[in-house]
Amino acid sequence: MQTKLTELLNIKYPIIQAPMFLVSNVAMVTEAMKAGIAGCIPALNYRTLDELRVAIKELKANKVEGGSFGFNLIVNKSNIKYKGQLEVLCEEGCDFIITSLGSPEETIRQAHAVGIKVFCDVTDLRFAKKVEQLGADAAIAVNSEAGGHRGNLSPEELTSLLDKELSIPVISAGGVGCKEDIDKMLSYGAAGVSVGSPFIASVEAGVTDEYKQACVDYGAEDIIMTERISGTPCTVINTPYVQKIGTKATWIENLLNKNRTLKKWVKMIRFSIGMKATEKAAKKATYKTVWVAGPSIEHTKAILPVKEIVAKLVN
């Protein structure tokens, strides 16, 4: 399974274990590297820059041939820790950075200066062209089957379009739960895939057993969109609690969102409230559970070690 992605990251298989808020951790990425793929952790999973620095050092110590590790950065104003996180990543070093929700220009400039590759989340051709012009090493095509914040185009439509129009590699994100899915994405022109939801139900994942079991018990038909987490549509498991609270923004949020001055503040407040609720659901099982996941949990039949999940993806 040699592709442009395996060449870029010196990995055995063209798979990135996607960065997942509160789920991804050092143990997961270490096992991913041992299994011959790349692993990525959101920098926001660490409350302090010192904790982030410790994680980088652990991953550097755990790195093996055929594996690779990186971190995800939210690069817009909602992440007040962004500049400090980027500085730590560039000081300590990692194999790659994935940028989300903003312009990657500063990240690309600083990361490339110290030999770190930068991949950028995109959902359409316009932004993909922009990150290519800024010097991104690859575009991560977030399609309509991705978990969490997803795109609007199908895996085939988005991947084929970007592969045709870009000169940099395209990594398909969303809709991968088995080897057949990977083969499809590669046939659309992808150089590799980013896989998240199947790894939630891993032994090493840093969430509750209830969250992991939900990914086993529920399937693709149970994934719905909600605006109640970050103000931006996000995919979650349709639990009884989600059904109770509904999936639409409140009337006052809709009203305030029409005001140009107040709109960004409303989104920041909703993002903060939503992230706290998601953290509670991930770390402590209550009846108020909002579990983020994508439709690829359809293929999740048991809670397994990361190495076994990787084996199921490549064999």
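The protein's secondary structure adds up to 13 helices and 10 strands. The model is a predicted one, and what follows walks through its main parts. Of the 315 residues in the protein, 53% count as buried. If one looks at contacts between residues at least 6 apart in sequence, 61% of them join residues at least 24 apart.

The strands are a good place to start. Eight of them form a closed barrel with parallel pairing, in the order S1-S2-S3-S4-S5-S6-S7-S8. Going from one strand to the next, the twist averages 25°. As a general matter, strands of a sheet pair through backbone hydrogen bonds, in either a parallel or an antiparallel way.

Some stretches of this barrel can be followed residue by residue. Take S3 and S4: they run parallel and are joined by five bridges. Within this pairing, Phe71 sits opposite Ile97 of S4. Strand S4 itself spans residues 96-100 and is mostly covered, with five of its five residues buried. Its side chains split between two directions: Phe96, Ile98 and Ser100 point one way, while Ile97 and Thr99 point the other, and all are buried. Ile97, then, is both the residue opposite Phe71 and a buried one.

Further round the barrel, strand S6 (residues 138-142) is linked to S7 by four bridges, and these two run parallel as well. Here Ile140 stands opposite Ile171 of S7. Strand S7 (residues 170-173) also pairs with strand S8 (residues 192-195), in the parallel sense and over three bridges. In that pairing, Ser172 has Val193 of S8 as its bridge partner. What about the two faces of S7? Both are covered: Val170 and Ser172 lie on one side, Ile171 and Ala173 on the other, and all are buried. So the residue facing Ile140, namely Ile171, and the bridge partner of Val193, namely Ser172, belong to opposite sides of S7, because Ile171 is listed on one side and Ser172 on the other.Now for the helices that go with these strands. Helix H2 (residues 26-34) lies across three of them, strand S1 (15-17), strand S2 (38-42) and strand S3 (68-74), and runs at about 165° to S2. H2 also packs against H3, at an angle of about 25° and with the two axes 10 Å apart. Angles under 35 degrees count as roughly parallel, and H2 and H3 are therefore roughly parallel to each other. Their crossing is right-handed. On the H2 side the contact is made by Val26, Val29, Thr30 and Met33, and on the H3 side by Ala55, Glu58, Leu59 and Asn62. By class, the residues of this contact of H2 with H3 come out as five nonpolar, two polar and one charged.

A second helix pair gives another picture. The axes of helix H6 (residues 125-134) and helix H7 (residues 155-165) come within 11 Å and cross at roughly 40°. H6 and H7 are therefore oblique to each other. The crossing of H6 and H7 is right-handed. Leu125, Ala128 and Lys129 of H6 meet Leu161, Leu162 and Glu165 of H7 in this contact. Sorted by class, the contact of H6 with H7 holds four nonpolar, no polar and two charged residues.

Two loop residues round off the tour. Ala43 is found in the loop between S2 and helix H3 (49-62). With a relative accessible area of 1%, Ala43 is buried, since buried means under 20%. Setting aside residues up to four places away in sequence, Ala43 touches Leu52, Asn72, Leu73 and Gln85. One of these, Gln85, is 42 residues from Ala43 in sequence, yet the two C-alpha atoms are 6.8 Å apart in space.

His299 sits in another loop, the one between helix H12 (260-283) and helix H13 (306-314). At 33% relative accessibility, His299 counts as partly exposed. Apart from neighbours within four places in sequence, His299 is in contact with Gly177, Cys178 and Asp181. His299 and Lys312 are 13 residues apart in sequence, and their C-alpha atoms are 10.0 Å apart in space.

Technical notes:
Residues numbered from 1 in each chain as written. Predicted model: local features only at pLDDT ≥ 70, side-chain atom pairs only at ≥ 80, totals over all residues. Heavy atoms only, no water. Pairing = 2+ DSSP bridges. Axes fitted to C-alpha atoms, helices over the stretch in contact; angles between N-to-C directions. Contact = heavy atoms within 4.5 Å. Parallel < 35°, antiparallel > 145°, perpendicular 65-115°, else oblique. Left-handed = near helix turned anticlockwise from the far one by under 90°. Nonpolar A, V, L, I, M, F, W, Y, C, P; charged D, E, K, R; others polar. Buried < 20%, exposed > 50% of the residue type's maximum accessible area, 1.4 Å probe, protein only.
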